[in-house]
Amino acid sequence: MASMAAVTTALPFTGPFLLAPMEGVTEPCFRDLVLERNHPHELGGAFTEFVRVSDAPIPVRVLAKHLGDRRHPMPVGLQLMGSDPLALGQTASNAVEAGAPLIDLNFGCPSKGALAGCAGSALLDDPPRIEAIVRSVVRAAPGVVVTAKIRAGGRDDLRLEDLARAAEAGGASLLTVHCRTRLEAYRDTADWGRLERAVAAVSIPVCGNGGVATHGDLERLIERTGCRFAMVGRAALGNPWIFSGRAVGRAEAAGFLLDYVVALRARAGATPRGAAGRVKQLLGHWTAGELVGADRRSWLMETDPERLFERLRRAQQPGSLAS
Ligand SMILES: Cc1cc2nc3c(=O)[nH]c(=O)nc-3n(C[C@H](O)[C@H](O)[C@H](O)COP(=O)(O)O)c2cc1C
């Protein structure tokens with residue numbers, strides 16, 4: 001539908017690289033730390049974790065909590081996941097009231113819960129429903145940018161172009177493509193040729209996602225595929241500076257994780273054990289600042305939260321060596 005494509009709204013991103021939505025990670029505490037440590041000309045925006053929408057619309061106060069109370073030069077998109085166009089539309093209208101500058105729709109989550117609710121990646125088998133959902137949300141949130149995030153397909157990538165065109169026809173202003181299929185889950189390999197296919201299939205901007213490990217990969221993805229934006233997920237958990245490409249030292253890396261502990265305790269009410277669990281989740285991916293190196297196992301085996309925090313404090317001391 002050319003008429004819907006014609007009303008797409010200008011994208012608010014401040015730079016070409018985006019922090020991916022990640023459930024259990026990109027809540028306000030982690031997101032704010034990453035947004036504060038990167039320049040808006042590089043890190044152009046971020047997303048909330050997905051908000052699951054079943055039958056009833058999600059209230060404004062819940063959506064506002066996902067958006068968090070801090071604002072940055074870069075926009076934070078509120079991501080919704082569901083299968084009911086009406087409930088998603090009503091939630092989108094609440095999202096506008098909650099102050100969301102952008103609404104992203106999740107058509108990629110491979111979890112059993114998403115599949116059971118015919119949401120997320122279940123919709124990759126149903127392009128017309130993707131189109132209907134996007135259209136309903138676009139209509140319910142006039143003036144707010146609506147974007148869609150798909151995988152390359154369900155069992156295979158044969159319908160990639162259909163999926164991309166469905167999102168465009170519904171009125172999405174940007175299409176993010178995670179280049180793996182649902183079946184491929186989070187496999188190590190990533191076929192960027194699929195991103196090129198998506199770029200060729202639609203006239204809206206495409207954001208490429210999947211398999212970015214370094215800052216150089218972000219730039220390469222854009223050069224090789226023609227995508228306007230590049231999104232990074234797991235590599236940002238291990239290196240929050242990946243967007244700027246700045247190499248940080250051991251002390252600065254440890255400082256990030258300690259700031260994360262403080263934010264989780266003060267802003268999210270996390271217990272020491274809860275905060276330590278979150279830090280260890282990042283340590284499982286950590287590559288920045290030669291903090292972890294070959295010693296990852298001993299960091300992850302640390303069961304006492306205070307000992308873990310103390311180890312980070314020692315690493316933060318100038319001139320500290322790997323421990
Ligand atoms: C822990 C975790 C949680 C995720 N949660 C979401 C989510 O809430 N919404 C979404 O669209 N994708 C989610 N994803 C997928 C990522 O956004 C991204 O598409 C995927 O990790 C591929 O990018 P990467 O290879 O750079 O990690 C999640 C991925 C991970 C690892």
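Visitor: Which residues of helix 12 are buried?
Guide: Happy to start there, keeping in mind that this is a predicted model. A residue is called buried if 20 or more other C-beta atoms lie within 10 Å of its own. In helix 12, that description fits A275, A276, R278, V279, L282 and L283.

Visitor: Why do these residues sit on the same side of helix 12?
Guide: An α-helix has 3.6 residues a turn, so residues three or four places apart point the same way. Around the axis of helix 12, the buried residues cover an arc of only 160°, which puts them on the same side. The value to remember is therefore an arc of only 160°.

Visitor: What covers the buried residues of helix 12?
Guide: Contact here means C-beta atoms within 7 Å. The cover includes helix 10 (234–238), helix 11 (250–267), helix 13 (296–300) and helix 14 (305–316).

Visitor: Which element gives the most to the side of domain 1 that touches domain 2?
Guide: The chain is divided into domain 1 (12–238) and domain 2 (250–316). Their contact takes 9 residues from domain 1 and 13 residues from domain 2. On the domain 1 side, helix 2 (28–37) and helix 10 are the elements that give two or more residues. The element that gives the most, with 4 residues, is helix 2.

Visitor: Which residues come nearest to the ligand?
Guide: The shell around the ligand divides into 9 nonpolar, 9 polar and 4 charged residues. Strand 2 (43–53) and helix 10 each supply at least two residues of this shell. Of the 22 residues around the ligand, those that come nearest are A20, M22, F50, G233 and R234.

Methods: Residues are numbered from 1 along each chain as its sequence is written. This is a predicted model: local features need pLDDT of at least 70, side-chain atom pairs count only at pLDDT 80 or more; totals for chains, interfaces and linings use all residues. A residue is buried if 20 or more other C-beta atoms lie within 10 Å of its own, exposed if 12 or fewer, and partly exposed in between; C-beta atoms are placed from the backbone. The arc is that of the directions from the helix axis to the C-beta atoms. Two residues are in contact if their C-beta atoms, placed from the backbone, lie within 7 Å. A residue is near a molecule or strand if its C-beta atom, placed from the backbone, lies within 6 Å of it. Ala, Val, Leu, Ile, Met, Phe, Trp, Tyr, Cys and Pro count as nonpolar, Asp, Glu, Lys and Arg as charged, and the others, Gly among them, as polar. Domain bounds come from an automatic or database domain assignment.
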